[in-house]
Structure formats: C-alpha cells, structure tokens
Amino acid sequence: VTLSPGTVNVGQTANGIVTLDADAPPNMTVALAANANYGTLTPAVVPIAAGRSNGSFTVTNTSVPAGATSATLTVTATYAGNFGTANLIINQAISLVSLVFNPTSIVQSGVPASDTAVGTVILTLPAPVGGALITLSVVNVSGPTVNPGVPASVTIPAGNTTATFNVVATGLQPGSTAVVQVIATYAGTKAQSNNLNVTDQLIH
C-alpha cells in the first residue's frame with residue numbers, strides 16, 4: 001500500500017494505491033481498514049480488475065484529535081490472509097492568530113526622537129523548518145497616507161510562534177494625524193492589527 005503525499009494538513013486529501021505481487025483474478029476486491037477515525041477511506045473495498053495488479057482509493061476528511069498538532073493514520077489492505085500497510089501523517093495546519101501593536105499611539109517628533117511601537121505576529125503552532133515568512137501590508141484607515149516603517153515581511157523562526165518588528169512615527173506633515181492598520185498574511189490566512197495612531201506634535 002502506498003499513499004501520496006505521505007504527509008497532509010487537516011482537511012487535505014491523499015491518494016492511495018494497493019499493489020499486488022501478481023495479476024488479479026476475476027472479481028477480486030481488497031478490504032481497507034484504518035487504525036483510527038482520522039480520515040475516510042473511499043472506497044472501503046477496492047476492486048481490482050482481472051489481469052491488473054493495482055487499484056486506487058482516496059483518504060478524505062483528514063483530521064487530528066482535539067488539542068493535538070498531528071496524528072498518524074495507518075491504512076491496512078487485506079486479501080486472502082495477506083496484508084499491507086501505509087502511514088499517513090496528518091498535521092494541524094499552521095495559521096495566523098493575531099497581529100498586535102504596543103503601544104497603540106506613537107508621536108512623530110524630533111525632540112528627542114520619534115516614538116516606536118512594536119508589532120507582534122502570532123501563529124497557532126510553531127513555525128516549520130526554515131521558518132514562517134509573514135508578509136505585511138499597510139492599510140490607511142484615516143488621515144494622510146503614511147507607512148510608519150512597516151517592513152514588507154517578517155520571519156518567525158522555526159519552532160517559534162511569534163516574531164516582532166518595530167515601526168517609527170515618521171512621514172507625517174506637521175500637525176497631522178493618521179490611523180493605520182497592518183495586515184499579515186501566511187499560508188492563505190490573514191490577521192489584521194489593531195489601529196495604530198500616528199501623530200505629529202508640531203515640535204521639530
């Protein structure tokens with residue numbers, strides 16, 4: 001029995017192949033069974049046409065137990081007392097939880113320097129090997145268009161769930177105020193920050 005891919009995220013599908021060591025006789029079927037209810041085997045009984053040496057099936061509705069980050073689904077194919085097995089690793093998908101700024105208000109000033117806020121990006125699970133590259137984009141909620149030094153991306157190191165970046169009050173005309181938000185994107189998921197108020201205090 002083989003499964004492709006051998007590792008999926010929750011909700012993804014794997015394709016399976018049952019292979020015989022000889023051509024099938026007429027009306028041959030192979031029964032499938034799983035060690036746990038982490039996926040649906042379709043069909044549960046695989047027909048193999050006479051003269052053929054393999055048949056196919058799919059694993060759908062993949063899941064992991066509540067609170068678990070991964071699970072292993074073992075598929076066993078049985079025919080005439082012979083059996084073969086294959087394992088499917090199912091991982092909980094990593095997604096963004098939030099993006100938060102602290103403090104939520106910063107002031108542009110040259111006396112002695114403009115304020116800095118720290119943005120913190122949080123994932124549901126530790127980042128994979130190689131880290132998680134989070135892309136960042138600025139949305140101007142109100143006031144003049146301004147980008148307070150938000151980087152294009154930030155990387156959460158492998159094994160970690162958070163990363164931080166700094167923004168600085170800059171780019172405003174004297175006496176103006178802008179409200180911005182930042183949208184973080186990773187693996188098809190998004191997190192929108194709280195409002196960040198950027199104000200110029202007129203003293204330069």
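In the predicted model, strand 7, which spans residues 54–60, shows an alternating arrangement of side chains. Gly55, Phe57 and Val59 are directed to one face and are buried, whereas Asn54, Ser56, Thr58 and Thr60 are directed to the other face and are not buried.

Strand 7 has pairing partners in strand 3 and strand 5. With strand 3 it runs antiparallel, and six bridges join the two. Two positions illustrate the register of this pairing: isoleucine 17 lies opposite serine 56 of strand 7, and threonine 19 lies opposite asparagine 54 of strand 7. Serine 56 and asparagine 54 both belong to the set of strand 7 side chains that are not buried. The pairing between strand 5 (residues 40–42) and strand 7 is likewise antiparallel and comprises three bridges. Here threonine 40 is placed opposite threonine 60 of strand 7, another residue of the face that is not buried.

These pairings form part of an open sheet of four strands, arranged in the order 1-3-7-5 with antiparallel pairing. Strand 1 (2–4) and strand 5 occupy the edges; each has a single partner strand, so one side of each lacks a neighbour in the sheet. From one strand to the next, the twist averages 25°.

Two cis peptide bonds were identified, as follows. Threonine 42 and proline 43 are joined by a cis peptide bond with an omega of about -5°. Threonine 42 falls within the range of strand 5 (residues 40–42), and proline 43 lies in the loop that leads from strand 5 to strand 6 (45–48). A cis peptide bond also joins asparagine 102 to proline 103, again with omega about -5°. Proline 103 is located in the loop between strand 10 (96–102) and strand 11 (105–108).

Positive phi values were found at asparagine residues in loops. Asparagine 27, a residue other than glycine, has a phi near 60° and is situated in the loop between strand 3 and strand 4. Its relative accessibility is 78%, and asparagine 27 therefore counts as exposed. Asparagine 61 has a phi near 55°, also a positive value in a residue other than glycine. The loop that holds asparagine 61 connects strand 7 and strand 8, and with a relative accessibility of 55% this residue likewise counts as exposed. Asparagine 27 also serves as one end of a long separation: its C-alpha atom is 53 Å from that of asparagine 160, which is 133 residues away along the chain.

The count of aromatic pairs comes to one. The ring centres of phenylalanine 101 and phenylalanine 165 are 5.8 Å apart and the ring planes meet at 85°, so the pair is classed as edge-to-face. Because phenylalanine 101 belongs to strand 10 and phenylalanine 165 to strand 15 (residues 162–168), the pair ties together parts that are 64 residues apart in sequence. Phenylalanine 101 and phenylalanine 165 are both buried.

The pockets of the model were also examined. The largest pocket holds about 270 Å³ of space. It is lined by 17 residues, of which Thr19, Leu20, Asp21, Tyr79 and Asn82 are the closest to its centre. Strand 3 (14–19), strand 4 (28–34), strand 8 (70–79) and strand 9 (82–91) are the elements that contribute two or more residues to this lining. By character, the lining of the largest pocket consists of 11 nonpolar, four polar and two charged residues. Thr19, one of the residues closest to the centre of this pocket, is also the threonine that stands opposite asparagine 54 in the pairing with strand 7.

The second largest pocket has a volume of about 190 Å³. Its lining is made up of 13 residues, with Asn9, Asn91, Gln92, Ala93 and Ile94 nearest the centre. Seven of the lining residues of the second largest pocket are nonpolar and six are polar, while none is charged.

Conventions
Residues numbered from 1 in each chain as written. Predicted model: local features only at pLDDT ≥ 70, side-chain atom pairs only at ≥ 80, totals over all residues. Heavy atoms only, no water. 1 Å grid on protein atoms, 1.4 Å probe; cavity = no way out; pocket = protein on both sides within 12 Å on 5 of 7 lines; lining within 4 Å. Points joined across faces, edges and corners; volume = space filled by probe spheres on them. Nonpolar A, V, L, I, M, F, W, Y, C, P; charged D, E, K, R; others polar. Buried < 20%, exposed > 50% of the residue type's maximum accessible area, 1.4 Å probe, protein only. Pairing = 2+ DSSP bridges. Axes fitted to C-alpha atoms, helices over the stretch in contact; angles between N-to-C directions. Phe/Tyr/Trp six-rings, centres within 6.5 Å; stacked < 30°, edge-to-face > 60°.
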